[in-house]
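Me: Could you take a close look at the aromatic residues in this one and walk me through how they sit together? I'd like one connected answer.

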Amino acid sequence: MPIVIDNVLNEIRSIAASGNDRVAKAKRLAERIQVLGQYRLVGIYDVGAEFVSIISWSGPSAPEYPEFPVDKGLTGSAIQQKKTVVVGDVRNDPRYLTAFGNTLSEIIVPVLAPGGERVIGTVDVESEHANAFSERDQQMIEHCAQAALPLWLLR
């Protein structure tokens, strides 16, 4: 992995493990990931037994769905499958919950608890461009989500 990405991942680990304010840490993580890929929005979510709840968001306002059932939408698909879901054009995907009109593609990365048995969080990244997420983007976002694991472990 290039040195720049290693430095970013170390920065994400450091942010996720620092301080006590989870919302402030999640906001910094979301903003760092957003800038890294020049993405439209990045959301950091907790996954509970029944609901997915936003911790923080990189945008100026909260999403239309700050909490939703764990089995709904693209995030629900990523959680159930325990793997990343990428949609190149959300307008053609019935699993998409319409929250932001300018989003055309999205990637949802589940964050697995140690041992990989359950999903404890997600990193949701949106773009205003269709088919915005290359394989390289997907790998980078997955590495960022894994580096942010301390955010969920230090509750």
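Reply: F68 is buried, since its relative accessible area of 7% falls under the 20% cut-off. Keep in mind that this is a predicted model. The ring of F68 pairs with that of Y45: the centres are 6.1 Å apart and the planes sit at 65°, which is over 60, so the pair counts as edge-to-face. Y45 belongs to strand β1 and F68 to strand β3 (residues 67-69), so this pair ties together parts 23 residues apart in sequence. Y45 is buried too, at 4% relative accessibility. Add W57 and you've got one aromatic cluster, made up of Y45, W57 and F68.

In total, the structure holds three aromatic pairs. Another of them is Y39 with F133, where the ring centres are 5.5 Å apart. The planes of Y39 and F133 meet at 40°, neither under 30 nor over 60, so that pair goes down as tilted. As for where these two come from, Y39 is in the loop between α2 (22-37) and β1 (41-47), while F133 is in the loop between β6 (119-127) and α4 (135-147). That's 94 residues apart, so to speak a link between distant parts of the chain. Both Y39 and F133 are buried.

If you're wondering why I keep quoting two numbers per pair, a pair of aromatic rings is described by the distance of the centres and the angle of the planes.

Terms used
Residues numbered from 1 in each chain as written. Predicted model: local features only at pLDDT ≥ 70, side-chain atom pairs only at ≥ 80, totals over all residues. Heavy atoms only, no water. Phe/Tyr/Trp six-rings, centres within 6.5 Å; stacked < 30°, edge-to-face > 60°. Helix = DSSP H or I, 4+ residues; strand = E, 2+ residues; numbered from the N terminus. Buried < 20%, exposed > 50% of the residue type's maximum accessible area, 1.4 Å probe, protein only.
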